[in-house]
Structure formats: structure tokens, C-alpha cells
Amino acid sequence: MKDNIVLYPLIGRGHLFSMVELGKLILTHDPSFSITILIPTPPNTTPISPTTFFGSHSSSITFHHLPTAPPPATVTALPPHLRLIFELTHPNNHNLHQALRSISKSSHLKAIVLDFLNYTATQLTTALHIPTFFYFTPGASALTCMLYSPNLPPTPPNDEHEPLRIPGFPLISAKDLPNYHSLQHHAIFSDVGLTMSECDGIIVNTFEAIEGRAVKALEEGLCFPEGATTPPPPLFCIGPLISVPSGENDENGCLRWLDSQPSQSVVLLCFGSDGRFSKTQLKEIAIGLEKSEQRFLWVVRSRSDSENEERLEELLPEGFLERTKEKGMVVRNWAPQAAILSHESVGGFVTHCGWNSVLEAVCEGVPMVTWPLYAEQKLNRAVLVKEMKVALALKESEDGFVSAIELGERIKELMESEKGKELRQRVLSMKVSAVEAKREGGSSYAALSRLTQLWKKKNHLILHFPDT
Ligand code: UDP
């Protein structure tokens with residue numbers, strides 16, 4: 001029987017794909033392990049097919065679908081991404097219990113790795129004495145904020161712009177924290193921070209060269225909750241892990257179009273798996289692109305799409321598509337972003353600052369303009385602009401609206417100014433560091449070796465399964 005590591009991702013493309021890449025990385029590093037990836041099934045969906053989503057994979061990876069969990073006991077008025085935690089993870093502990101029981105019969109269960117938002121699973125894994133690790137998908141700097149959140153006041157300070165001091169993190173204002181105004185949100189993140197501070201280790205999809213200050217603060221335990229009784233858990237920065245979904249095709253012809261464009265001349269605008277804009281904002285973006293006079297590839301998603309997907313002509317200013325057809329390409333909903341960023345013709349990226357997008361841009365040496373939309377993306381903006389210095393920040397109004405003039409100017413600055421050149425040089429040097437980090441002897445390679453050796457040393461678990 002092989003030594004088995006169970007990976008428990010959150011549903012949601014960014015989290016799920018990144019966890020699958022983690023599984024592949026572990027096996028590439030040490031093929032003596034086997035990996036089981038638990039896949040939750042949200043209500044009213046059909047289970048996803050691993051081969052469709054993840055292509056062919058090693059026979060040492062098994063996907064185990066958890067049945068749909070019963071509805072939560074209390075209905076919570078939370079934003080959708082947080083509702084997932086309550087509707088899927090917590091009620092899923094019973095299913096998790098059954099899955100672990102069956103896995104431990106056919107392999108030597110050594111450890112479980114939880115997505116950080118699956119933190120309520122520790123109620124079960126602790127009771128079963130299973131070594132429990134967290135996988136933090138958004139990077140080390142965001143992790144310092146998450147762990148530090150129990151130390152932050154639960155209500156916003158009088159002056160929202162007053163800088164917050166978080167160890168290992170650049171100065172930010174309270175309004176840059178994820179939904180800082182929601183008390184419920186603060187309570188959840190405090191819980192996540194406390195739970196993570198007591199686990200057996202934290203795996204982070206980053207590498208030391210881009211987030212050195214945050215990594216140091218984490219290793220020194222500076223950002224752990226005050227009063228934490230245990231020493232800080234060991235940290236394993238094993239990235240960058242980039243997931244390029246198999247079978248992702250170029251049905252819109254983006255890559256073919258890029259083939260016909262000059263080197264480093266095109267700006268990509270793409271906003272994660274759920275970045276959507278109002279029709280007014282979409283029109284403003286279009287005007288900004290025309291003002292910038294740059295070549296562009298724009299992935300358009302509208303807030304109104306869920307009701308009825310409108311044609312591009314109805315969403316964009318009259319004549320825009322015709323006027324810009326020599327310079328720009330506009331596609332609906334989805335484009336193969338990682339492949340696009342790796343294309344020679346791409347020279348800039350307007351991003352919502354999701355961490356996977358950030359890593360994809362860094363690994364291809366593409367400088368960015370930041371337009372955070374949700375979750376921890378304003379934190380990532382601070383890191384990209386102030387710490388890594390590979391991006392320009394867009395100024396948005398209080399309600400998040402960005403004017404055409406602002407967008408046009410920042411894009412032009414990124415593509416044409418001396419400042420833009422400096423950013424490009426910096427991100428290109430990070431691209432080199434990313435390769436070095438993963439080579440034998442590099443920081444991420446060393447972290448992965450420490451992690452797999454630690455797992456090897458753990459005793460085989462003889463699990464007793466109390467009733468849940
Ligand atoms: N992505 C893509 N095409 C799109 C939008 C997103 O391939 O049109 C991919 C992107 O390359 C990244 C992931 O989806 O790998 C988005 O993850 P990220 O962490 O950046 O943002 P999230 O979707 O979690 O907000």
C-alpha cells in the first residue's frame with residue numbers, strides 16, 4: 001500500500017485547479033506517494049468529470065466525489081463565495097468522514113491538505129488525529145493578513161484611510177481588507193486565522209523571491225493571532241504552481257489573432273472566473289481602450305449575462321467593434337488566459353489581481369495594471385504595486401467605477417512610458433527567479449522536499465472512526 005495524501009479543495013475554478021496542480025507536483029517530486037483528491041458536489045450540479053477538466057493524469061491520483069451535502073441548518077445571508085463554506089464544507093464533514101474511512105482501508109493515510117476555506121473540516125480531522133495541513137491559494141502576503149485578522153478591530157476605524165500595520169505587509173487602509181465592514185466576515189476570517197495557526201503546516205502557492213518580507217514575517221510568527229498558544233506552524237512556499245487546464249482550446253481564435261500582432265504590443269484585459277461589469281462600466285472600458293491607442297485583447301463579461309447573454313454590439317459603444325477591428329479583439333466570457341499571457345505578442349495585462357492570474361503574469365514576465373474586484377484582490381494590488389513593483393494601480397471611485405480617462409492613461413503609461421519599462425524589467429527578472437525557485441536547490445524545491453520528508457516520517461494512521 002502506498003503512502004496517501006488526501007487533498008480537499010474548495011469548489012471554484014481557481015482553488016480546485018490549483019489543488020490538482022499541487023497533487024501533480026507532489027507526485028513529480030516523490031512518486032512513492034498516492035494522492036486522493038476529494039471533490040465536493042454543490043447542490044443542483046452534476047459531478048464534474050476529472051478527465052474532462054484535468055485531462056489525463058497519473059494513475060497515482062484518484063478523484064473521490066463527495067455526495068451533495070444536506071442543506072445547512074441555518075440559512076446565512078452571506079456573499080456567494082462565503083456561502084460556499086457553509087453550504088458545502090461544514091455540512092460535508094459527514095461525507096468527509098466516510099471518504100477518509102474508505103481511503104484509509106486501501107492506503108496508508110499520512111496527512112490531509114485542506115483548502116484554507118475548508119477550515120471547518122479540522123473539527124473532524126483533529127478528532128481523528130489526522131495530521132492536517134492547509135493549502136493557501138492566494139499567496140504569502142494575503143496569508144499574513146488572514147492570520148493577523150483576529151488582531152484587527154472588528155469594526156472599521158473612524159478614518160478608513162488610516163494605514164493599518166500588518167507584519168510582513170505593505171501599509172494599507174482598512175477599506176482594502178476583504179469586505180471589512182461586515183462583522184460576520186471578520187468573524188469568519190478570524191476563525192480561519194486561528195484554526196490555521198494551530199495546524200501541522202501551511203503550504204503556499206508562492207516563492208520566496210517575490211514575497212520575501214511576508215515569508216519572513218510568517219516564519220518568525222509575527223502575524224499569528226495574539227495569545228496563540230502553539231508555535232507557528234511550518235511554512236512551505238512551493239510555488240509558483242500554474243494550472244493550464246487540459247483540452248482548453250482556442251475556440252475564439254485569440255491565439256491565432258495574436259500570431260498576427262507585433263511583439264509585446266497587445267494588452268490583455270481579463271478578470272478571473274467571475275469578474276463582471278455593469279453595462280455602463282463596459283462602455284467606459286471601451287472608450288478607455290480607444291483613448292489608450294494600444295492593441296488589446298478583451299474578455300468581456302457582463303453583470304446582466306446570468307439573465308440573458310446580450311450581443312457585444314449591445315454592450316459596447318456604437319461602432320466600437322468596427323473602429324477597433326484592426327487593433328483589438330473582443331471575446332465573450334472566456335479565453336485561454338495562461339496561453340495568451342505566454343504569447344510573444346502580449347506586453348501588458350489589466351487584471352482583477354486574482355492570485356492565479358498574478359502568478360501566470362509573473363511567470364511570463366508580463367507587467368500589469370491592477371483592477372481588483374472582489375475577495376482578497378485589493379490586498380494583492382498592494383503587493384503588486386508597493387512590494388513587487390510590477391504593476392500600476394488604477395484609481396477607482398468609492399463605488400469601484402473606473403473612468404475611461406484613467407484606464408486609457410494607465411494602459412498607455414504601462415505600454416509606452418519609462419516607468420512601464422522599469423516594471424517590465426522587474427517582472428522579467430521575477431520570471432527568471434520563478435524558474436530558479438523550482439529547480440533542484442531552489443527555495444520552492446527545498447520546501448517541497450521538507451514537506452514530503454515530513455509526511456514520510458509520520459506514522460501510518462490507525463484510524464478510529466467515532467460517529468459524527
Ligand atoms: N481564466 C481563464 N480565462 C478567463 C478567465 C480566467 O483561463 O477568461 C483562468 C485564469 O488563467 C486563472 C483562473 O482562471 O488561472 C482565475 O483564477 P484567479 O485566481 O486569477 O481568479 P479567480 O477566478 O479565483 O477570481
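In what order do the seven strands of the open sheet stand, and is their pairing parallel or antiparallel? The figures below show a predicted model, in which local features need pLDDT of at least 70 and side-chain atom pairs count only at pLDDT 80 or more, whereas totals for chains, interfaces and linings use all residues. Residues are numbered from 1 along each chain as its sequence is written.

**View 1. The open sheet.** The seven strands (DSSP runs of E, at least two residues, numbered from the N terminus) follow the order E3-E2-E1-E4-E5-E8-E9, and the pairing is parallel. Strand E3 (61–65) and strand E9 (235–237) stand at the edges with a single partner strand each, so one side of each is left without a neighbour in the sheet.

**View 2. The pairing of E5 with E8.** Strand E5 (residues 132–136) and strand E8 (residues 201–204) are joined in the parallel sense over four bridges, where two strands pair if DSSP finds at least two bridges between them. Within this pairing, Tyr135 stands opposite Ile203 in E8.

**View 3. The shell around the ligand.** The ligand is surrounded by 17 residues, of which Gly14, Gly272, Gln337, Gly354 and Ser357 are the closest; a residue counts as near if its C-beta atom, placed from the backbone, lies within 6 Å. Helix H1 (13–29), helix H13 (337–341) and helix H14 (355–364) each supply at least two residues of this shell, and H14 gives the most, with four residues. Helices here are DSSP runs of H or I, at least four residues.

**View 4. Helix H6.** Helix H6 (residues 140–148) is mostly covered, nine of its nine residues being buried, that is, having 20 or more other C-beta atoms within 10 Å of their own. Among them are Cys145 and Tyr148.

How values were computed. Buried ≥ 20, exposed ≤ 12 C-beta atoms within 10 Å, placed from the backbone.
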